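Work through the exercises below with the coordinates open. Each task is followed by a solution in steps.

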There are 4 protein chains.
Amino acid sequence: MGIVTNKTDKYQTCIDACNRCAQACHECFTACLNEDDVAARKNCISILMDCACMCQSSAAKMSMDSQYAKEHCQMCATICDKCAQECEMFKDNHCQKCAQECKKCADECRKMAGM
Amino acid sequence: MGIVTNKTDKYQTCIDACNRCAQACHECFTACLNEDDVAARKNCISILMDCACMCQSSAAKMSMDSQYAKEHCQMCATICDKCAQECEMFKDNHCQKCAQECKKCADECRKMAGM
Amino acid sequence: MGIVTNKTDKYQTCIDACNRCAQACHECFTACLNEDDVAARKNCISILMDCACMCQSSAAKMSMDSQYAKEHCQMCATICDKCAQECEMFKDNHCQKCAQECKKCADECRKMAGM
Amino acid sequence: MGIVTNKTDKYQTCIDACNRCAQACHECFTACLNEDDVAARKNCISILMDCACMCQSSAAKMSMDSQYAKEHCQMCATICDKCAQECEMFKDNHCQKCAQECKKCADECRKMAGM
């Protein structure tokens with residue numbers, strides 16, 4: 001359900017997934033920077049930041065009912081899928097959980113964009 | 001509860017309030033632009049965008065457990081309070097609801113920042 | 001030329017165009033809100049915000065040499081073109097100038113993305 | 001000089017410094033992630049992202065002539081100073097250059113905020 005209007009009701013599941021995924025990626029970014037094998041994680045750390053930013057942008061565009069909400073969610077699905085792949089390579093808890101959030105968000109973004 | 005770590009557990013109520021408030025302000029921004037008296041709402045529309053952006057930035061900083069999370073939440077509380085004031089001037093449903101979300105978010109941000 | 005490395009040299013013209021366009025759209029957003037015929041400008045005002053945000057995101061991705069820099073610039077070109085169209089409908093100075101910046105930025109983004 | 005209006009003329013030096021600093025920090029972020037001693041740079045990498053985001057937010061607020069432009073520049077000065085300190089600890093070219101950009105940006109933000 002939209003919060004102050006009903007225009008964004010149709011997006012709410014996807015907005016929630018984007019907000020959760022942004023948080024997961026931001027948390028995982030800091031956790032990865034603090035791992036002993038941080039040198040092995042440079043690609044993962046980069047894409048976690050790409051993914052967190054894209055999820056926040058997509059949540060914003062859906063909340064505004066922007067005419068570019070779908071395009072944002074399409075790109076978001078692509079980046080979330082890639083981020084899930086990168087995170088899955090690492091066996092620690094935060095990367096495994098983050099990969100799950102990224103996949104859920106990618107699925108919601110694809111549904112939202114009619115892909 | 002944090003999503004992939006427990007570092008952000010202490011911020012979760014505030015992160016959720018910031019995400020809700022960002023969405024409320026983004027929705028209210030579009031709703032105000034579509035009101036007949038949009039000319040009377042220019043200050044409200046401006047600050048709704050300031051507030052939405054600040055809430056998203058604060059959610060990001062808390063999620064990353066940034067050393068500047070508190071400073072962001074302090075400024076966020078200030079902007080949310082002002083946005084609530086502006087929205088309260090308008091009697092439509094979306095502005096009244098948005099004002100409520102802004103006040104809740106300001107309260108959570110103040111608690112988080114120890115103000 | 002990149003500022004601290006040479007990795008982003010190839011993007012510098014496009015980064016500069018994105019920064020200029022973001023500023024132009026942010027300025028034009030505020031100027032449009034203050035026009036007497038603001039009610040006629042609601043689409044323009046919405047897309048100015050979409051365009052400003054997208055330009056800032058694209059500048060960030062290029063500056064980080066992100067693997068998603070091209071995808072961001074592709075979407076940025078699309079949004080800049082649309083924003084130019086909207087701004088061109090209004091005869092005031094700020095919209096006319098903003099349309100020019102949007103077109104320049106769209107061109108640079110297309111070149112950058114190899115479109 | 002503002003790009004489409006003259007409202008932001010007074011901020012132009014600071015907007016330019018913020019855009020340059022955001023780019024420098026984004027470049028330095030990627031360069032640090034690719035250094036052999038990345039493990040020693042985790043604080044630097046975190047704050048580079050804080051600084052880049054804050055500089056982009058400040059540029060946006062000044063460009064919109066937001067009533068919160070000064071507050072953003074105040075926080076930006078604080079974060080830029082801290083980022084300069086972190087970067088100065090590393091002897092490579094990108095961190096040394098980035099520290100210079102951060103200091104210049106902090107100075108401009110302080111001037112702008114009347115600090």
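**Exercise 1.** Find the atoms that join Arg110(D) and Asp81(D), and place both residues in the fold of chain D.

Solution. The model is a predicted one. Step 1: the side chains of Arg110(D) and Asp81(D) form a salt bridge, with an N to O distance of 2.6 Å. Step 2: Arg110(D) belongs to helix 4 (residues 93-113) of chain D and Asp81(D) to helix 3 (residues 69-88), so the bridge ties together parts that are 29 residues apart in sequence. Step 3: Arg110(D) has 23% relative accessibility and counts as partly exposed. Asp81(D), with a relative accessible area of 28%, is partly exposed.

**Exercise 2.** How many salt bridges does a search of the whole structure find over all chains? Describe those that involve Arg20 in chains B, C and A.

Solution. Step 1: the search finds 40 salt bridges over all chains. Step 2: in chain B, Arg20(B) pairs with Glu101(B), and their closest N and O atoms are 2.7 Å apart. This pair links distant parts of the chain, since Arg20(B) is in helix 1 and Glu101(B) in helix 4 (residues 93-113), 81 residues apart. Arg20(B) is partly exposed at 41% relative accessibility, whereas Glu101(B) is buried at 8%. Step 3: in chain C, Glu101(C) and Arg20(C) meet in a salt bridge of 2.7 Å, N to O. Here Glu101(C) sits in helix 4 (residues 93-113) and Arg20(C) in helix 1 of chain C, 81 residues apart. Glu101(C) counts as buried at 8% relative accessibility, and Arg20(C) is partly exposed with a relative accessible area of 40%. Step 4: in chain A, a network of salt bridges links Arg20(A), Glu101(A) and Lys104(A).

**Exercise 3.** What operation lays chain A on chain B, and what does the contact between chain A and chain B consist of?

Solution. Step 1: a turn of 180° with a shift of 0.0 Å along the axis lays chain A on chain B with an RMSD of 0.0 Å. The two copies are therefore related as by a two-fold rotation axis. Step 2: chain A gives 28 residues to the contact and chain B gives 28 residues. Step 3: 100% of the interface residues of chain A are also interface residues in chain B, so the copies meet through the same surface. Step 4: about 2,300 Å² is buried between chain A and chain B, and carbon and sulfur atoms give 58% of this area. Step 5: a search for salt bridges across the interface of chain A and chain B finds zero.

**Exercise 4.** How many aromatic pairs does the structure hold over all chains? Classify each by its geometry.

Solution. Step 1: there are two aromatic pairs over all chains. Step 2: Phe29(A) and Phe29(D) have 6.1 Å between ring centres and 20° between planes, and the pair is stacked. Phe29(A) lies in helix 1 (residues 12-33) of chain A and Phe29(D) in helix 1 (residues 12-33) of chain D, so this pair joins two chains. Phe29(A) counts as buried at 0% relative accessibility, and Phe29(D) counts as buried at 0%. Step 3: the ring centres of Phe29(B) and Phe29(C) are 6.1 Å apart with the planes at 20°; planes under 30 degrees apart count as stacked, so this pair is stacked. Phe29(B) is in helix 1 (residues 12-33) of chain B and Phe29(C) in helix 1 (residues 12-33) of chain C, so the pair joins two chains. Both Phe29(B) and Phe29(C) are buried.

**Exercise 5.** Is Met54(C) buried or exposed, and which residues does Met54(C) touch beyond four places away in sequence?

Solution. Step 1: Met54(C) lies in helix 2 (residues 42-63) of chain C. Step 2: with a relative accessible area of 3%, Met54(C) is buried. Step 3: Met54(C) touches His72(A), His72(C), Met75(C), Cys76(C) and Ile79(C), leaving out residues up to four places away in sequence. Step 4: Met54(C) and Ile79(C) are 25 residues apart along the chain, and their C-alpha atoms are separated by 7.8 Å.

Methods: Residues are numbered from 1 along each chain as its sequence is written. Chains are lettered from A and ligands numbered from 1 in the order in which they are written. This is a predicted model: local features need pLDDT of at least 70, side-chain atom pairs count only at pLDDT 80 or more; totals for chains, interfaces and linings use all residues. Side-chain values use heavy atoms; hydrogens and water are left out. Copies are superposed by least squares on the C-alpha atoms of residues with pLDDT of at least 70 in both. Contact means heavy atoms within 4.5 Å. Rings of Phe, Tyr and Trp (its six-membered ring) pair if their centres lie within 6.5 Å; planes under 30 degrees apart count as stacked, over 60 as edge-to-face and the rest as tilted. Helices (H or I, at least four residues) and strands (E, at least two) are DSSP runs, numbered from the N terminus. Buried means under 20% relative accessible area, exposed over 50%, partly exposed in between (1.4 Å probe, protein chains only). Buried area is the accessible area (1.4 Å probe) that two parts lose on being put together, summed over both. A salt bridge is a side-chain nitrogen of Lys or Arg within 4 Å of a carboxyl oxygen of Asp or Glu.
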